[in-house]
Amino acid sequence: MKKAEITAFLSLMFVLLVSFVLGILEISIIHTSKNMSRLRVDRAMFSVFGEYDGALMEDYHIFAIEGSYGTGEQGEDHLISRMQYYGAGGIEQKITGIQYLTDRDGQAFREQVIRYMEEKYGISLIREFTGLTTRWEEQAVQAEEMEKKEKEILDGVDDLMEEAQMPDEEGTEIPDEPAETEKLTDGGPFTCIEKIEKSGILSVVMPVDMELSGREIDPDIQVSNRSLNTGKGVFPARQGTDGPEERLLFNEYILNTFSDAASGRMQTEENGESDSTEKSRSLEYETEYILEGKSSDKENLESFLMKLFLVRMVLNYVYLMGDQTKQAEVSALALAVTTVLLIPEAAEVLKQLILLAWAAGESVVDIRALLSGKKAALVKSSDTWQVSLSSLLTLGSGTEQIEGDDVPDGIRYKDYLRIFLFLANPDDLNMRSLDRIEENMKTEYGMDYFRADQCITKLETENTAEILGGVTYKFPAYFGYE
């Protein structure tokens with residue numbers, strides 16, 4: 001008889017080989033099933049994000065899914081059902097992370113805006129402004145100081161008048177001289193300042209042919225004021241979105257996207273017609289709203305123009321302090337008035353008050369020119385100064401018609417908006433820009449259900465798939481508009 005050791009060995013080797021091959025096949029099936037599950041989820045998520053809102057992208061260059069899908073009610077079920085529809089059926093999904101446009105004070109919105117501006121225009125768009133930002137900050141500080149001086153003008157005039165009416169040493173009151181003191185007692189060079197104090201800046205700066213908008217919104221339903229949906233999870237975020245260059249780029253987006261008090265007038269003058277889109281919006285002065293955040297066009301414009309008035313007043317006052325001719329005119333007027341009032345020692349004080357009032361009057365005319373779409377000189381000269389001392393006596397009374405000249409080398413209203421946008425809080429600009437986008441989507445497209453805090457930009461899910469014989473496989477999936 002022959003032994004069968006070799007046959008048994010081959011049999012054992014055959015069993016092991018078959019087991020190995022079957023094991024490899026099972027592993028291949030498992031990995032293939034895993035990869036297919038991942039591909040199905042990735043494809044479904046990619047398809048869901050392909051449903052971005054077209055109007056939002058077309059008008060505002062922002063990619064986001066309108067998360068309520070026209071229902072007005074946010075729910076994660078909407079996203080899950082859409083992913084199931086696009087091929088993720090049979091895979092259990094749980095949303096572990098979601099980001100809305102409004103999260104972190106509009107950080108996702110800001111990132112997209114900056115990226116869009118960089119890709120379309122590049123840094124060259126704001127290169128000429130990068131060296132001016134320090135000067136803008138200085139002007140803002142000077143404007144705050146000028147506001148205090150402006151309030152001191154009328155107080156100083158009142159003090160002079162009280163001093164002029166005090167009895168002399170013998171107890172006899174000084175008789176009034178109406179013909180000589182009319183310049184001071186009836187307002188005179190301070191008429192414009194008095195009207196601003198009583199009736200507001202709009203009462204003196206509005207161009208004759210400019211109609212003040214009466215549009216207003218409900219502040220309580222705005223993105224920047226109401227309670228918002230908030231996302232969850234941690235997502236990669238761009239660093240340095242508040243640097244000088246990024247802030248300037250974001251501000252250019254605001255200036256290019258939203259209307260302001262002068263832009264409509266410029267379009268009408270250049271094209272002969274106004275933008276019908278802006279007519280359907282809930283606010284006409286949108287950039288001013290983004291800066292000031294008040295509920296009506298009138299309030300926003302008034303608040304912004306008061307800041308602009310103070311900045312212009314600083315620049316004009318600096319020029320007057322260096323113009324000897326104009327100082328001589330003011331000195332003569334101050335001396336004449338204080339001599340008649342028998343208080344010649346107050347001539348220097350009155351001179352400074354009149355200089356401030358003259359700077360204010362010139363600022364009023366500058367703003368009229370800016371609102372008319374004209375350019376105003378940044379730094380004044382004898383050629384670009386527009387208000388004479390005699391004209392100052394009637395400025396603001398309604399009888400004068402000084403509308404302001406167009407200075408070729410000057411700067412426009414939009415340039416001042418740019419300055420104040422740079423000085424504003426970036427978070428406020430983010431959220432108020434979203435205010436305007438949401439309102440415009442509702443009024444222009446009839447999308448009453450649209451809410452910025454339902455617009456999804458990033459999504460992360462945990463997925464559980466059954467791959468073989470009851471074996472489950474869990475894996476994450478992520479997609480976002482990067």
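# A tour from the aromatic pairs to the strands

The structure holds 18 aromatic pairs, and since this is a predicted model, every stop below describes computed geometry. Begin by selecting Tyr 253 and Phe 258, whose rings form one of these aromatic pairs in an edge-to-face arrangement, with 6.5 Å from centre to centre and 85 degrees between the planes. Show the surface around them as well: Tyr 253 counts as buried because its relative accessibility is 1%, and Phe 258 is also buried, with a relative accessible area of 3%.

Next select Trp 358 and Trp 385, which form another edge-to-face aromatic pair, 6.0 Å centre to centre and with 90 degrees between the planes. Which parts of the chain does this pair link? Trp 358 belongs to helix α15 (residues 347–371), while Trp 385 sits in the loop between α15 and α16 (389–392), so that the pair links distant parts of the chain, 27 residues apart. Both Trp 358 and Trp 385 are buried.

For a group of rings rather than a pair, select Phe 46, Phe 49, Tyr 52, Phe 63, Phe 479 and Tyr 481 together, as these six residues form one aromatic cluster.

Two arginines are worth displaying beside their rings. Select Arg 110 with Phe 250, where the arginine lies over the face of the ring at 4.4 Å from its centre. Then select Arg 436 with Tyr 289, where the arginine again lies over the ring face, here at 5.9 Å from the ring centre.

Now turn to the cartoon view, in which the protein has 18 helices and 4 strands. Select strand β3 (residues 455–468), which is mostly covered, with 10 of its 14 residues buried. In a regular strand the side chains alternate between the two faces of the sheet.

Which strands pair with β3? Strand β1 (residues 65–66) runs antiparallel to β3 and is joined to it by 2 bridges, and if you select Glu 66 you will find that its bridge partner in β3 is Cys 455. Pause at this cysteine, which is buried, with a relative accessible area of 1%. Then select Cys 192, which likewise counts as buried because its relative accessibility is 1%. With the cysteines on display, how many disulfides does the structure hold? The structure holds 0 disulfides.

Return to β3 and add strand β2 (residues 92–100), which is joined to β3 by 8 bridges and runs antiparallel to it; within this pairing, Ile 98 stands opposite Leu 459 of β3. Then add strand β4 (residues 471–480), which pairs with β3 in the antiparallel sense over 10 bridges, and select Thr 464 to see that its bridge partner in β4 is Lys 474. Where β3 and β4 form a hairpin, there are 2 residues between the strands, and Gly 469 takes a positive phi near 55 degrees.

Finish by selecting the whole protein. Buried residues make up 48% of its 482 residues, and the accessible surface comes to about 23,600 Å², of which 52% belongs to carbon and sulfur atoms. If you display contacts with a separation of 6 or more, residues 24 or more positions apart account for 80% of them.

How values were computed. Residues numbered from 1 in each chain as written. Predicted model: local features only at pLDDT ≥ 70, side-chain atom pairs only at ≥ 80, totals over all residues. Heavy atoms only, no water. Disulfide = S-S within 2.5 Å. Buried < 20%, exposed > 50% of the residue type's maximum accessible area, 1.4 Å probe, protein only. Phe/Tyr/Trp six-rings, centres within 6.5 Å; stacked < 30°, edge-to-face > 60°. Lys NZ or Arg CZ within 6 Å of the ring centre and 35° of its normal. Contact = heavy atoms within 4.5 Å. Areas by Shrake-Rupley, 256 points an atom, 1.4 Å probe, with all protein chains shown as cover. Pairing = 2+ DSSP bridges.
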